Amino acid sequence: MRDCLDSLPLPRAAHGHRTIVLAVGKAAPAMVRTVLPRIDGPRVSICVTHRENSEKTPGAEIFRAGHPVPDSVGAAGAMRMQEVLRGTEPGDRVIALISGGGSALLPAPPSGVTLDDKQALNRLLLASGLDIVAMNLIRQQVSELKGGGMARLAAPAPVTGYILSDVIGDDLRAIASGPTSEPIGTAEEARHLLHDAGLFDRLPDSIQRHLRRATRTSIPGDTVNHLIGGNRESVLAATESLRRDYDAHAIETPLTGDVGEAAVSIFRTLRDSPASDRPRAILWGGETTVRVRGRGMGGRNQELALRLAALADAQPIAAPWAFLSGGTDGRDGPTDAAGAIVDQGTLSRIRARGLPPERYLDNNDSNAALRLSDDLLITGATGTNVADVQVLLIGQIS
């Protein structure tokens with residue numbers, strides 16, 4: 001990320017005018033620290049990141065907000081950004097530093113919609129099983145900053161966006177709900193998605209009313225966006241680092257869709273892996289989805305790891321193996337874990353210390369199960385966010 005930002009030219013404000021740096025997302029502090037030393041002249045810098053990120057941002061106002069459910073700190077950061085953007089002049093230049101997590105971190109509800117309403121929407125979406133693109137299409141229609149809102153508010157000052165992708169396929173409209181990009185869809189499409197998922201009638205009345213009348217205009221033509229990194233680059237870098245000790249390769253097809261189906265696919269790879277004198281490492285990148293049916297605690301990476309361990313327990317594999325599934329931001333769902341590292345002994349350790357593992361899976365309680373087996377991956381906030389990485393090791397594991 002730092003190399004990419006250093007290699008790209010930064011826009012310069014006209015003499016006597018301001019450079020406005022707006023950073024949002026889980027990598028926002030690191031991005032701000034990279035960019036600010038390169039800016040001369042008057043400037044304003046605002047950084048909104050998640051509360052677990054304790055990195056310093058000298059020279060920038062910082063808001064450490066709630067994620068994945070928006071909170072008042074994020075709302076205050078959004079209001080501060082809107083205040084600055086409404087005061088721009090033609091000679092000013094706006095630099096937007098955008099990374100994953102920005103959608104929840106920057107709640108800017110439209111007139112008539114409260115923060116409580118936005119929180120209710122986010123909770124419904126997170127438990128819906130909808131993919132990230134669908135969720136962001138909906139969020140964009142209930143925000144003053146998402147779906148190009150930041151670029152529209154910045155006019156007449158032009159906007160240059162530098163974007164670190166946590167979205168598979170790197171659709172700029174979906175990353176942090178696209179504050180400097182055209183919206184993914186329309187209010188009508190958002191209504192259809194919500195109706196199909198059985199969610200529309202469960203929304204707060206204010207959001208239902210807003211979605212029935214919402215409209216969007218195009219972003220200004222002087223908005224320019226640069227993609228500076230994403231999941232694929234992260235997976236390839238991890239693959240290269242493993243090649244010294246393993247026969248390592250990355251699966252090109254992203255790991256997406258239902259977490260149960262993803263676990264079956266990985267198990268088949270494990271089961272069908274040919275015998276080899278050299279240990280193997282197989283890597284994926286992606287972002288699965290979980291349809292929440294129970295009342296337990298977990299996240300898509302923990303559930304994926306536990307489901308794989310359960311499949312391999314039911315059909316034991318002769319070769320030693322270990323599997324890591326983790327969020328690159330260091331947090332998986334509403335837990336303190338980034339994910340988990342499981343192996344052929346995971347299910348036995350859970351049975352020895354608690355309820356049958358199936359009970360945990362049925363209750364979406366992967367965090368409790370993996371805590372019993374001592375298999376949680378806990379890294380703390382990493383200062384980046386490029387979706388998830390999975391690593392399957394087969395054979396003699398070093």
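How many bridges join strand β5 to β6? Select residues 159–164 for β5 and 224–229 for β6. Five bridges join the two strands, which run parallel. Keep in mind throughout that this is a predicted model.

**Stop 1: the open sheet**

Stay with β5 and pick Ile 163. Opposite Ile 163 stands Leu 227 in β6. Now widen the selection to the sheet. Six strands make up this open sheet, in the order β3-β2-β1-β4-β5-β6. Their pairing is parallel. Look at the two edges: β3, at 61–65, and β6, at 224–229, each pair on one side only. From one strand to the next, the twist averages 15°. As a reminder, strands of a sheet pair through backbone hydrogen bonds, either parallel or antiparallel.

**Stop 2: helices across the sheet**

Select residues 28–35. This is helix α2. Add β1 (19–24), β2 (43–50) and β4 (93–98) to the view, along with β3, β5 and β6: α2 lies across these strands. Its direction is at about 155° to β2.

Is α2 mostly enclosed or open? Seven of its eight residues are buried, so the helix is largely enclosed by the rest of the structure. The cut-off for buried is under 20% relative accessible area. To see the buried set, select Ala 28, Pro 29, Ala 30, Met 31, Val 32, Thr 34 and Val 35.

Next, select residues 72–85. This is helix α3, which lies across β1, β2, β3 and β4. The angle between α3 and β3 is about 145°.

**Stop 3: Glu 303 in α12**

Jump to residues 300–314, helix α12, and pick Glu 303. Is this side chain's residue buried or exposed? Glu 303 counts as buried, because its relative accessibility is 4%. Show what surrounds Glu 303. Beyond its neighbours within four places in sequence, its contacts are Val 259, Val 290, Leu 361, Asn 364 and Ser 366.

**Stop 4: where α12 meets α13**

Keep α12 and add residues 346–353, helix α13. The two helices pack at an angle of about 95°, and their axes are 8 Å apart. That makes α12 roughly perpendicular to α13. On the α12 side, select Leu 306, Ala 309, Ala 310 and Asp 313. On the α13 side, select Thr 346, Leu 347, Ile 350 and Arg 351. These residues make the contact. The general rule for an α-helix is 3.6 residues a turn, so residues three or four places apart point the same way.

**Stop 5: the loop before α13**

Step back to Gln 344. This residue sits in the loop between β11 (339–343) and α13. Gln 344 counts as partly exposed, because its relative accessibility is 42%. Leaving out neighbours within four places in sequence, Gln 344 touches Ala 319, Pro 320 and Trp 321. Now draw a distance to Asp 362, which is 18 residues away along the chain. The two C-alpha atoms are separated by 21 Å.

**Last stop: the whole chain**

Zoom out. The chain holds 15 helices and 13 strands. Its C-alpha trace spans about 70 × 50 × 30 Å along the principal axes. A compact globule of 398 residues would have a radius of gyration near 21 Å; the chain has 22 Å, which agrees. Of the 398 residues, 56% are buried.

Turn on contacts between residues at least 6 apart in sequence: 78% of them join residues at least 24 apart. Finish with the surface. The accessible surface comes to about 16,600 Å², and 50% of that belongs to carbon and sulfur atoms.

Definitions and conventions. Residues numbered from 1 in each chain as written. Predicted model: local features only at pLDDT ≥ 70, side-chain atom pairs only at ≥ 80, totals over all residues. Heavy atoms only, no water. Pairing = 2+ DSSP bridges. Helix = DSSP H or I, 4+ residues; strand = E, 2+ residues; numbered from the N terminus. Axes fitted to C-alpha atoms, helices over the stretch in contact; angles between N-to-C directions. Contact = heavy atoms within 4.5 Å. Buried < 20%, exposed > 50% of the residue type's maximum accessible area, 1.4 Å probe, protein only. Rg over C-alpha atoms; globule rule 2.2 N^0.38 Å. Areas by Shrake-Rupley, 256 points an atom, 1.4 Å probe, with all protein chains shown as cover. Parallel < 35°, antiparallel > 145°, perpendicular 65-115°, else oblique.
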